[in-house]
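Reader: I'm in my first year and still getting used to looking at protein models. Please pick one stretch of this one, go through it slowly, and then show me how it fits with the rest.

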Amino acid sequence: MSDYESPPAEETSAPAPSTSSKGSPNDFLKAVVGKRVIVRLVSGVDYKGVLQCLDGYMNIALEQTEEHVNGVVTNRYGDAFIRGNNVLYISAGEPI
């Protein structure tokens, strides 16, 4: 055993991914169209609403939209359009 060997792999390995994470991001996005989602912007503001459509640039159209700043509802919109370059992530707001 030399001085340059790393510790055993079992101590440093990451946990195995869960089986619910199978599928591509595209599959996820198709599955959440028409469902409640949470859209986090790079500014940290969250928009919660029903995803109506999105395009390849991640431009997003939401209905029944609520704007959340620091967890507090600050505005409600019937429809909202979010430009894709502002989107940090989209998560499901309900089980898919």
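Author: Let's start with Gln 64, which counts as exposed because its relative accessible area is 53%, and the cut-off for exposed is over 50%. Keep in mind that this is a predicted model. Gln 64 is part of strand β3, which covers residues 60-69. Have a look at its backbone too: Gln 64 has a positive phi, about 50 degrees, even though it isn't a glycine. Why point that out? Most residues other than glycine have a negative phi.

Now slide along to Asn 70, which sits in the loop between β3 and β4 (72-82). Asn 70 isn't a glycine either, and its phi is positive as well, at about 55 degrees. With a relative accessible area of 76%, Asn 70 is exposed.

Strand β3 has another side to its story, and that's the nonpolar core. In general, nonpolar side chains in soluble globular proteins tend to be buried together. The largest nonpolar core here has 13 residues, and the members that touch the most other members are Val 39, Ile 60, Leu 62 and Ile 82. At least two core residues come from each of α2 (25-32), β1, β2, β3 and β5 (87-92). Strand β1 gives the most, with three residues.

Want to see who meets Ile 60 and Leu 62? Try Val 39. Setting aside its neighbours within four places in sequence, Val 39 is in contact with Ile 60, Leu 62 and Ile 82, and also with Val 45, Asp 46, Tyr 47, Val 87, Tyr 89 and Ile 90.

Leu 51, in strand β2, is another good place to look. Its relative accessible area is 0%, so Leu 51 is buried. Again leaving out neighbours within four places, Leu 51 has contacts with Ile 60, Ala 61 and Leu 62, along with Leu 29, Val 32, Val 33, Gly 34, Lys 35 and Val 37. You can also check a distance here: Leu 51 and Thr 65 are 14 residues apart along the chain, and their C-alpha atoms are 9.3 Å apart.

For contrast, go out to the surface. Val 42, Leu 88 and Tyr 89 make a nonpolar patch there, with about 300 Å² of accessible area together. Val 42 belongs to the loop between β1 (36-41) and β2 (46-54), and its 57% relative accessibility means that it counts as exposed.

Time to zoom out. The protein has two helices and five strands, and from the N terminus they come in the order α-α-β-β-β-β-β. Of its 96 residues, 25% count as buried. About 6,900 Å² is exposed, with carbon and sulfur atoms supplying 52% of that. If you take contacts between residues at least 6 apart in sequence, 40% of them join residues at least 24 apart.

One last thing: how far can you trust the picture? The mean pLDDT is 84, and 78% of the residues reach 70 or more. Over residues 6-19, though, pLDDT stays under 50, and the model has one contact beyond four places in sequence for that stretch.

Definitions and conventions: Residues numbered from 1 in each chain as written. Predicted model: local features only at pLDDT ≥ 70, side-chain atom pairs only at ≥ 80, totals over all residues. Heavy atoms only, no water. pLDDT = per-residue confidence, 0-100. Contact = heavy atoms within 4.5 Å. Patch = residues over 30% accessible without salt bridge, like charges linked within 9 Å, V, L, I, M, F, W, Y side chains within 5 Å. Areas by Shrake-Rupley, 256 points an atom, 1.4 Å probe, with all protein chains shown as cover. Salt bridge = Lys/Arg side-chain N within 4 Å of Asp/Glu carboxyl O. Helix = DSSP H or I, 4+ residues; strand = E, 2+ residues; numbered from the N terminus. Buried < 20%, exposed > 50% of the residue type's maximum accessible area, 1.4 Å probe, protein only. Core = buried A, V, L, I, M, F, W, Y, C linked by side-chain atoms within 4.5 Å.
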